[in-house]
Amino acid sequence: MEHPLIVYNSLTRKKEQFVPLNPPFAGMYVCGPTVYGDAHLGHARPAITFDLVFRYLTHLGYRVRYVRNITDVGHLENDSDSGEDKIGKKARLEQLEPMEVVQYYTDRYHADMDQLNVLKPSIEPRASGHIIEQIEMIKSILQNGFAYEADGSVYFDVHKYNTLHHYGKLSGRVIEQLMEGYRNLDGQEQKRNPEDFALWKKAEASHIMRWPSPWGDGFPGWHIECSVMSSKYLGDVFDIHGGGMDLLFPHHECEIAQNRAASGKDAVRYWLHNNMITINGQKMGKSLGNFITLGEFFNGQHPALEQAYSGATIRFFVLQAHYRSTLDFGNEALKAAEKGLKRLQDAYGNLTKVIPKPTSTVDIATYRKRCYDALNDDFNSPLAIAALFDAARTINAACDGKENLTEADIASLTETFHIFFCDILAINSQKGGNQEKMLDIVKGLMNLILEYRQDSRQKKDWAASDKIRDGLQGLGIVVKDGKEGASYTVPD
RNA sequence: GGUCUCGUGGCCGAGUGGCUAGGCAGAGGUCUGCAAAACCUCCCACAGCGGUUCGACUCCGCUCGAGACCUCCA
């Protein structure tokens, strides 16, 4: 807390000090998944990025309300589709109720997030649960004169809005440029202008997901839910809004306009955007068909994957890059992350083996300071990780007796790892509480076995000691002989 | 076409006007019954061409290259 937290605000395109509106409270809204398919690596990026933000803000003492929505009302799939919504389409294909599809993929999304050690948000509202509020906000926008009804649909009047406010302030667009880009207005006849966007869409007879409204049966436009759910749970003005860079325009731009048109206020104080994950230099995305689902990463069943990767490895891989940079997928990079993470985990474990010395040869405090400095500078997780690696080297050196650490040093390092490795970056392999007992038993058994092996080794009975080691190896336990006796690890 | 971002060593990726990123891979060494770790050392990169500067990978311009958004997308 000594140093201020600096965040990069997409709205101002500058780094700014983060000062919440109502400290110690902090509000954060992040665009969540549309649950009509399995989450892929691209979905992991914002989830992990804003999980880090959530965890760090909490660590700094803020009382954070983190809202991440579930989009489950279905939106237009593409222009040629003329109105069939994603979830409705999937439902028909699989002969399921739309909400059954939603439930199925929501559950799977949650399971994936658990694997990635992503905390649950404070509130996870569903768009379908906020139809009334969405209708109310559309009414307000209509009343304020920034929208118009046309044949059962309601559209936002971008030109009207732009006479009073700047539509495009977030993405750096001006409306004249936008107008040039919209030459093909096929199937958009009801709109006064092609850059107008839907607040409410009339549902055709074939459209499964539909709700009654003052304008007839229909469904909400694909920007309004976020405006509604963020302001409902965080207030007309709140601190942080996050999401992927690809949502900058038009989604977030429209959110800004909707909130402003409804409440007269700019809702968001800090806009944070994570960059994309690329594969062969190209964005990984559903529409490009070049995505790998998280489930495929976990089980290794994808042609592009040479092996399976754990959730911790994926999380570490993501955090090893700054959230505003693109991150390129590759087996080599994933494997490097896996090994690097193991190195950190081993060092963390080695901390208990270091023999304290009366005097210290290392300045331990710098590691923690470097971690704080890194995260305070726009959540620079790769720098924080680098500091942990340096700390790991020191710990291992101390294990080898090449550096000296005092009792206080060890305690401090343990705490540093606990704070950053476990709590904030959260890249340690999680062990469930129920497994603790079994782990203790295993530890006891292992010590016993290693004692026997030690005996044979003292008798130079290599056959016996090798038999024990090889047998353990067969169980996936690797024995390592060191100066201070034998230790063991269980590689993934 | 418009708006914008980026181009770092074998790979992934930080960062800065002059001072070591870090990880993985590779080379050598220490330790060791063997093995595996660990530790030490090495591998000193910043697309190209100009310009600013005492000095640029870092600032400016241009060229080349890659990408994002403008349509659903994290």
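This passage walks through a few local features of a predicted model: a small set of paired strands, a pair of crossing helices, a covered helix and a single arginine.

A good place to start is the sheet. Strands of a sheet pair through backbone hydrogen bonds, and they may do this in a parallel or an antiparallel way. In this model, three strands form an open sheet in the order β12-β11-β13, and the pairing is mixed. The two edge strands are β12, at residues 282-283, and β13, at residues 327-329, each of which pairs on one side only. Strand β11 covers residues 277-279, and its pairing with β13 is parallel, with three bridges. One residue pair can be looked up directly in the structure: Thr278 has Asp328 of β13 as its bridge partner.

The next feature is a meeting of two helices. Helix α4 spans residues 131-143 and helix α8 spans residues 248-263; their axes come within 8 Å of each other and cross at roughly 70 degrees. Because angles of 65 to 115 degrees count as roughly perpendicular, α4 is described as roughly perpendicular to α8. The crossing of these two helices is left-handed. Which residues of α4 and α8 meet there? From α4 come Met137, Ser140 and Ile141, and from α8 come Gln258, Asn259, Ala261 and Ala262. Sorted by character, the residues of this contact comprise four nonpolar and three polar ones, with no charged residue.

Helix α7, at residues 224-234, offers a view of a mostly covered element, as nine of its 11 residues are buried. The buried residues of α7 begin with the run Ile224, Glu225, Cys226, Ser227 and Val228, and continue with Met229, Ser230, Ser231 and Leu234. Following α7 is Gly235, and its phi angle is positive, near 105 degrees.

Finally, it is worth following one side chain in some detail. Arg469 belongs to helix α16, which runs over residues 462-474. Is Arg469 buried, partly exposed or exposed? Its relative accessibility is 30%, and since partly exposed residues fall between the 20% limit for buried and the 50% limit for exposed, Arg469 counts as partly exposed. Leaving aside residues up to four places away in sequence, Arg469 touches Arg453, Val479 and Asp481. Ala91 gives a point of reference elsewhere in the chain: Arg469 and Ala91 are 378 residues apart along the chain, and their C-alpha atoms are separated by 54 Å.

Methods. Residues are numbered from 1 along each chain as its sequence is written. Chains are lettered from A and ligands numbered from 1 in the order in which they are written. This is a predicted model: local features need pLDDT of at least 70, side-chain atom pairs count only at pLDDT 80 or more; totals for chains, interfaces and linings use all residues. Side-chain values use heavy atoms; hydrogens and water are left out. Two strands pair if DSSP finds at least two bridges between them. Helices (H or I, at least four residues) and strands (E, at least two) are DSSP runs, numbered from the N terminus. Axes are lines fitted to C-alpha atoms, for helices over the stretch in contact, and angles run from 0 to 180 degrees between N-to-C directions. Angles under 35 degrees count as roughly parallel, over 145 as roughly antiparallel, 65 to 115 as roughly perpendicular and the rest as oblique. A crossing is left-handed if the near helix is turned anticlockwise from the far one by less than a right angle, and right-handed if clockwise. Contact means heavy atoms within 4.5 Å. Ala, Val, Leu, Ile, Met, Phe, Trp, Tyr, Cys and Pro count as nonpolar, Asp, Glu, Lys and Arg as charged, and the others, Gly among them, as polar. Buried means under 20% relative accessible area, exposed over 50%, partly exposed in between (1.4 Å probe, protein chains only).
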